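I opened a new structure today and kept notes as I went. The entries are in the order I looked things up.

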Amino acid sequence: MRDIHYSLLTAGLAAGVMIATVPSAGAFEIFGVQLWGGDDDEDEMGRIEISDPLPYTVTIQATGVDDAQSIVESASSLWKDREEPAAGKAGLVSKGRGDYRRILSAFYAEGYYDTAISIEANGAEFSDLTLGSDIPPNTNVMIRVNAGGQFTFGRTEVENAPVFEDPDRTPAAVGFETGEVAIASGISAASAIAVEEWRRQSRAKAQEIDRSITANHETQQLDVTVTLDPGPEVRNGPVSARGNTQVDEEFIIYMTDLEQGKSYNPEEVTDARNRLADLGVFSSIRLEESEYVAQNGEMPYVITVEDMERRGIGLGGTYSTIDGLGLSAYWLHRNLFGRAEQLRFDASIEGLGTTNNWEDYDYNFGVSFTKPGMFSPRATGYSSLVASQLDYENYRETSITARAGLSWDLNRFATGDLYGFASKSRYRDDFGTRDFLTFGLEGRGEYDRRDNEFDATRGYYLLATLQPFYEAEYGNTAVRGTLEGRIFKGFGEDDRKVVLAGRAKVGSFYGAPISESPPDLLFFAGGGGSVRGYEYQSIGVQQTDADGDTFTTGGRSLMELSGEVRYRINDTFGAVAFTDAGYVDTGSAFDDVSDLKVGTGLGVRYYTGFGPLRLDVAVPLDKDEDDDEFGVYIGIGQAF
């Protein structure tokens with residue numbers, strides 16, 4: 001048995017314990033610590049300018065494990081660049097010598113610490129080659145690798161370990177446990193989890209100070225001891241702000257909500273940084289913890305920010321073959337009075353391409369004012385005035401609506417909104433022309449545990465709304481409520497290769513009859529965010545007029561279900577198969593689901609830095625004579 005022991009002031013595990021037979025290699029690394037040779041040798045050789053290209057061929061013989069060949073191919077620079085000639089002798093020798101380390105690290109990462117590597121050029125080991133060696137064009141490079149046996153963890157210890165409160169966040173949860181495959185990255189992951197747990201327990205300066213590794217080649221086991229220094233308990237110290245900004249410094253500090261003297265919590269520091277980012281006024285934000293802790297246990301913070309342009313404009317668009325082209329624009333002032341107040345004007349038009357009559361298009365014009373930090377760093381005041389003309393298949397709306405209220409971040413996952421509203425509106429539909437004057441409240445609660453808002457691969461999302469109101473023209477009191485849930489489960493590499501996604505939504509309206517209720521407060525289904533394959537708001541309740549003709553209105557109950565299988569082809573493209581279903585009923589209690597509408601289809605995704613671009617094609621399975629044969633939907637982000 002051979003022992004290897006070393007200490008690291010910072011955790012930086014790269015791969016592996018030892019190499020079995022690479023006596024001629026010019027460089028050697030153990031767990032990310034370079035013992036001799038390596039980059040300096042390669043860099044020196046790489047700086048020699050060689051103008052003559054040197055083509056070569058590569059053959060790989062990899063044994064010892066089923067996927068040895070693919071491991072070598074993914075790690076070897078010689079193999080990856082085989083289609084291009086090397087930059088002379090120096091370039092080829094540099095690639096060959098570097099491949100010892102690259103291939104070795106790849107096998108260490110999979111738990112193979114007895115790996116034997118030989119890399120030859122025309123029968124000569126690369127480690128023996130010099131610039132004076134005879135290396136003719138079309139040199140045959142042979143890479144031979146024997147993976148050896150896969151090691152498992154023997155003894156696994158974390159000295160000075162914290163008490164782990166979450167069973168899913170322990171060293172064992174990342175494979176650092178006796179009997180598990182001794183993947184090198186698992187040691188660093190275990191150390192990082194332990195350090196982070198200490199930080200969650202107010203030990204802001206916790207760190208790994210030593211790592212002892214013993215490889216037993218007879219039993220093919222790795223004994224590992226990671227030693228931590230928890231450091232002292234830390235409390236929040238004073239917060240200061242600096243940078244190129246026109247936002248009030250005291251307001252920046254106020255919005256962090258890092259109360260001086262309170263026990264340190266890394267999640268609260270993350271929340272503080274996110275709150276500053278959500279203000280939408282800074283192009284860069286850096287919230288730094290001091291390297292030093294004062295004698296009284298307090299740790300200062302320094303915030304460095306830089307402003308975005310105070311004014312901005314934006315343009316957007318959507319398109320579907322059913323709903324046509326939609327265009328939108330806005331102008332905003334990001335920092336109206338010096339405390340990140342935002343004034344915004346919005347305008348949009350929808351339905352372009354579906355008709356030549358301008359009166360049939362949808363218009364929205366609005367102005368809104370947002371005041372963050374109202375009553376609390378976690379509360380935001382909001383007010384708006386919006387004028388709309390909306391021409392749907394089943395009704396036309398002309399309205400002006402005022403809203404004012406408060407949004408509150410209850411914690412890092414939950415938010416709540418409460419608004420008052422007043423609306424003056426006129427609707428033209430099969431009931432005739434009706435005027436409404438509506439006053440009410442809107443309550444909204446959201447709980448979001450998704451890993452990504454626009455492209456979730458795991459987690460869930462819940463949304464509930466409640467809207468009691470009084471309508472003055474007819475003298476009716478009513479209440480409208482919805483409940484929606486979404487769930488995501490990923491599989492494969494990083495839980496991203498295949499994602500199963502589901503959505504369910506129910507809604508109910510109690511109070512006034514349909515004929516005396518504003519249509520926009522009733523329920524419809526259909527469209528890109530509802531039941532794909534059907535026109536927007538085409539799914540409703542069938543009514544019969546005095547002449548016996550039928551027409552569609554909104555209903556007093558709603559149910560929608562959606563399921564998707566998302567397959568990520570590569571880093572750029574993905575494919576989706578989906579089925580949506582929904583129905584709307586006359587009553588408030590989901591009495592009849594016999595008229596369920598179902599649409600199904602396929603889609604493609606183009607992944608960008610700001611979220612996937614979506615193209616879906618859906619067909620209705622319960623097609624009425626007025627429904628189209630299929631619908632095409634284009635947008636940004638997943639359908640849900």
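These entries cover two open sheets, the helices on them, two cores and a strand pairing further along.

**Entry 1: the model.** I noted first that this is a predicted model.

**Entry 2: the four-stranded sheet.** I looked up the strand order and found β4-β7-β5-β6. This sheet is open, and its pairing is mixed. I then checked the edges. β4 (56–63) and β6 (124–125) each have a single partner strand, so one side of each has no neighbour in the sheet. Next I followed β4 to its partner β7 (residues 139–146): the two run parallel, joined by eight bridges. I picked out one pair there, Thr-63 with its bridge partner Asn-146 in β7.

**Entry 3: helices on that sheet.** I asked which strands helix α2 lies across. α2 (residues 68–75) lies across β4 and β7, at about 140 degrees to β4. I also looked at α4, which packs on the sheet and touches β4, β5 (116–121), β6 and β7. The direction of α4 makes about 165 degrees with that of β5.

**Entry 4: the cores.** I searched for the largest nonpolar core and found 51 residues in it. Ile-103, Phe-107, Ile-119, Ile-143 and Leu-222 have the most contacts inside this core. Helix α4 (residues 88–108) gives the most to it, with eight residues. I took Ile-119 as a sample and left aside its neighbours within four places in sequence. Its contacts include Leu-78, Tyr-100, Ile-103, Phe-126, Val-141 and Ile-143. Polar residues are on the list too, among them Asp-99 and Glu-125. Apart from this core lies another, of 22 residues. I noted Phe-251, Tyr-264, Ala-272 and Val-281 among its members.

**Entry 5: helix α6.** Phe-251 sent me to α6 (residues 249–256). Which of its residues are buried? I found Phe-251, Ile-252, Met-255 and Thr-256. Seen down the axis of α6, these buried residues fall within an arc of 145 degrees, so they line one face of the helix. I checked what they pack against: β11 (235–244), α7 (266–278), β12 (282–289), β13 (298–307) and β17 (362–372). Then I looked at the two ends of α6. Asp-248 caps the N-terminal end, with a side-chain oxygen 3.2 Å from the backbone nitrogen of Glu-250. After the helix comes Asp-257, whose phi is positive, near 60 degrees.

**Entry 6: the three-stranded sheet.** Three of the strands met in the last entry form an open sheet of their own, in the order β11-β13-β12. Its pairing is mixed. β11 and β12 are the edge strands, each pairing on one side only. I read off an average twist of 15 degrees from one strand to the next. β11 and β13 run parallel, with eight bridges between them. One of the pairs is Asn-244 with Glu-306 in β13. I also placed α7 here: it lies across β11, β12 and β13, at about 160 degrees to β12.

**Entry 7: a pairing far along the chain.** I asked how many bridges join strand β14 to strand β31. β14 (residues 311–320) and β31 (residues 631–636) pair in the antiparallel sense over two bridges. Tyr-319 has Ile-634 in β31 as its bridge partner. β31 also runs antiparallel to β30 (residues 611–620), joined to it by six bridges. There I found Asp-616 opposite Tyr-633 in β31.

Note on methods: Residues are numbered from 1 along each chain as its sequence is written. This is a predicted model: local features need pLDDT of at least 70, side-chain atom pairs count only at pLDDT 80 or more; totals for chains, interfaces and linings use all residues. Side-chain values use heavy atoms; hydrogens and water are left out. Buried means under 20% relative accessible area, exposed over 50%, partly exposed in between (1.4 Å probe, protein chains only). The arc is that of the directions from the helix axis to the C-beta atoms. Contact means heavy atoms within 4.5 Å. A polar contact is a pair of N or O atoms within 3.5 Å; within protein, one must be able to donate a hydrogen and the other to accept it, and residues adjacent in sequence count only if both atoms are side-chain atoms. Two strands pair if DSSP finds at least two bridges between them. Axes are lines fitted to C-alpha atoms, for helices over the stretch in contact, and angles run from 0 to 180 degrees between N-to-C directions. A nonpolar core is a set of buried Ala, Val, Leu, Ile, Met, Phe, Trp, Tyr and Cys residues joined through side-chain atoms within 4.5 Å.
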